[in-house]
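Let's take a guided walk through a protein model together. Keep the sequence and the 3D view at hand as you read.

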Amino acid sequence: MRKKISLFTLFLSLCLLFTGCGQTELQEAEERIQEEETDLSSRQEEFYAFLNEVNESRRAIYCDGKAPVLDESWTQELADDFSEDEIKNLLTEKTSCSVSPEEAADDVNTFFLLLKNCYGAYDYFGSDEVFLPILDEVLSRLPEEGEVSPSDLERLLIRQLSPILIDGHFTIGDSRLGTAHDKTMYYVDGVYFDDPGDIDPALVKPTIDGEGRLCLGLATLATPTEAVFLPASLEIEGQPLSLQWERDTAAFWDRKDSFIETALDDGTPMLISHAMWGKQSQLDRLAECGSDYADSPVLVLDVRGNGGGSDLYINEWFNGYAGQYPDQRLAFAQKLSAANLLVYPSQLNDEVDIDPCWDSGTNIGTWVEHEGVTLVLQDKGTASSGETAVGNLRTLENTLFLGSNTSGCSLVYNNFHFYLPNSHLDVRFGTGLILRDTGENIDGQGLLPDIWVPSSDATDAAGRMIKYYGLNGDNIE
């Protein structure tokens, strides 16, 4: 990176000359400016060294010519246990009610049969070998007399399935099965250092200090139970410190605006995507405005609290911004069982004229070169299509993610509501399976940031970093 000659330096020299200042004053002023420009140049070299390291790490994933592995055992022979009328009945929303133990047992059997026929990750999580013993355990815990309420049935199913199903979308009644596996960012505010010494690497993360400088801080992922065992004190750069670990909190969407175009105080454009559903005019604007920002030296995209909706809008935005549609590295398997072929027309108002099968495939993905810097703000509330936005931008050069980990709602897609035949308990799960990047199941953990900052501070932290490194000025070449 070459340094430009500052116009301000030339202007100041002329001012000093024509106002009669002596040669000494002129020389001292020029030296001060040269020092400032040298310091900024050094800072920018530091920033781009960090950015290039991130680029190389992600580029390596997309340039190895391989896709995630889709194991054959995850797409076993399809079952065919439901009639068209039975599926229609299970898809019809009804008010939940208490039932007899015999009716509860019928609901439990129907539920597990639904999983076998419709759930896209049934084989991924172990198929009959795993689920049939759980079925027997649930049936054995039903009472022999009295009534079984929908909440009783919900708690019983959640208790038995949650250790097995790491699926951020799966819900039974009012409960998410993934809750037991949710990891949240815990951090120590205001502690910055450069030398990690002997600190556990799992606790050390890149962050941004109060001036905007990239440095190290203390942050990690943990469940509430795991957080109890985080260290209460550490020695950092020779100084013993008592630590107060804080749990990061996700942004809350007030459901007013789905998409907002704004700017930071220095004029850096900032796009805020609260949701991929809501006000249609705003969603259409998101889809069409990508090209308006394609040449921005720095763009901030805020998807904190974006719980999802349709991938369509962010995919169209990416096409305008990057010059091509996103092409993530992935493996997928869509369960086109006889039952699911009856489910899809109920949502699409169309006929699905294909034979039962697994529609599966892999994709090696495409790494997209891009000159400008993109700063993406994310948090634990970033889920589903919000995570699609994050995943898309992980394929784009010169992109950094600030904040905390995302929600982790990615493994299963095409989610539908079913209502059990007697209690009418609402169960919701997906019919497709998808693995991205390295092929690991990220549900519960989510996608990790490059720069770990409290999500509530992410906007200010991005602004401080932009200013400290001169990312939006005339000094970058």
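This report looks at sheets, packed helices, aromatic rings and one leucine in turn. Please remember throughout that the model is predicted.

**Two open sheets**

Before meeting the sheets, a short reminder helps: the strands of a sheet pair through backbone hydrogen bonds, either parallel or antiparallel.

One open sheet has 4 strands in the order S4-S5-S3-S8, and its pairing is antiparallel. At its edges stand strand S4 (204-208) and strand S8 (245-247); each has a single partner strand, so one side of each is left without a neighbour in the sheet. On average, neighbouring strands of this sheet are turned by 45 degrees against each other, direction ignored. Inside the sheet, strand S3 (residues 184-188) and strand S5 (residues 214-222) run antiparallel and are joined by 4 bridges. You can look up one such partnership yourself: Tyr-187 has Ala-219 in S5 as its bridge partner.

Another open sheet has 6 strands, ordered S9-S10-S11-S14-S15-S18, and here the pairing is mixed. Its edge strands, S9 (259-263) and S18 (451-452), each pair on one side only. Strand S14 (residues 373-378) and strand S15 (residues 399-403) run parallel, with 5 bridges between them. Val-376, for example, has Phe-401 in S15 as its bridge partner. Helix H12 (residues 458-468) packs on this sheet and touches strand S10 (269-273), strand S11 (298-302), S14, S15 and S18. The direction of H12 makes about 160 degrees with that of S14.

**Two helices side by side**

How do helices H8 and H9 pack? Helix H8 (residues 280-288) and helix H9 (residues 312-322) meet at an angle of about 30 degrees, and their axes are 7 Å apart. From H8 come Gln-280, Leu-283, Asp-284, Leu-286 and Ala-287, which meet Tyr-313, Glu-316 and Trp-317 in H9. Sorted by class, this contact has 5 nonpolar, 1 polar and 2 charged residues.

**Aromatic rings**

The whole structure holds 14 aromatic pairs. Here are two of them.

| Pair | Centre to centre | Angle of planes | Arrangement |
|---|---|---|---|
| Phe-170 and Phe-429 | 5.4 Å | 25 degrees | stacked |
| Tyr-344 and Phe-416 | 5.7 Å | 45 degrees | tilted |

Why is the Phe-170 and Phe-429 pair called stacked? Planes under 30 degrees apart count as stacked, and these planes are at 25 degrees, so the pair is stacked. Phe-170 sits in the loop between helix H6 (150-161) and strand S1 (171-172), while Phe-429 is in strand S17 (residues 426-436), 259 residues apart. Both Phe-170 and Phe-429 are buried. Ring pairs also bring them into a cluster with Phe-111, Phe-112, Tyr-119 and Phe-418.

As for the tilted pair, Tyr-344 lies in helix H10 (residues 338-348) and Phe-416 in strand S16 (residues 412-419), so the pair ties together parts that are 72 residues apart in sequence. Tyr-344 and Phe-416 are both buried.

Charged residues visit ring faces too. Arg-43 lies over the face of Tyr-468, at 3.9 Å from the ring centre, and Lys-205 lies over the face of Trp-452, at 4.9 Å from the ring centre.

**A closer look at Leu-336**

Is Leu-336 buried or exposed? This residue of strand S12 (residues 330-336) has a relative accessible area of 9%, so Leu-336 is buried. Leaving out residues up to four places away in sequence, Leu-336 touches Leu-78, Leu-341, Tyr-344, Ile-354, Pro-356, Cys-357 and Asp-359. Leu-78 is 258 residues away along the chain, yet its C-alpha atom and that of Leu-336 are separated by 8.3 Å.

Definitions and conventions: Residues are numbered from 1 along each chain as its sequence is written. This is a predicted model: local features need pLDDT of at least 70, side-chain atom pairs count only at pLDDT 80 or more; totals for chains, interfaces and linings use all residues. Side-chain values use heavy atoms; hydrogens and water are left out. Two strands pair if DSSP finds at least two bridges between them. Axes are lines fitted to C-alpha atoms, for helices over the stretch in contact, and angles run from 0 to 180 degrees between N-to-C directions. Buried means under 20% relative accessible area, exposed over 50%, partly exposed in between (1.4 Å probe, protein chains only). Contact means heavy atoms within 4.5 Å. Rings of Phe, Tyr and Trp (its six-membered ring) pair if their centres lie within 6.5 Å; planes under 30 degrees apart count as stacked, over 60 as edge-to-face and the rest as tilted. A charge sits over a ring if NZ of Lys or CZ of Arg is within 6 Å of the ring centre and within 35 degrees of the ring normal. Ala, Val, Leu, Ile, Met, Phe, Trp, Tyr, Cys and Pro count as nonpolar, Asp, Glu, Lys and Arg as charged, and the others, Gly among them, as polar.
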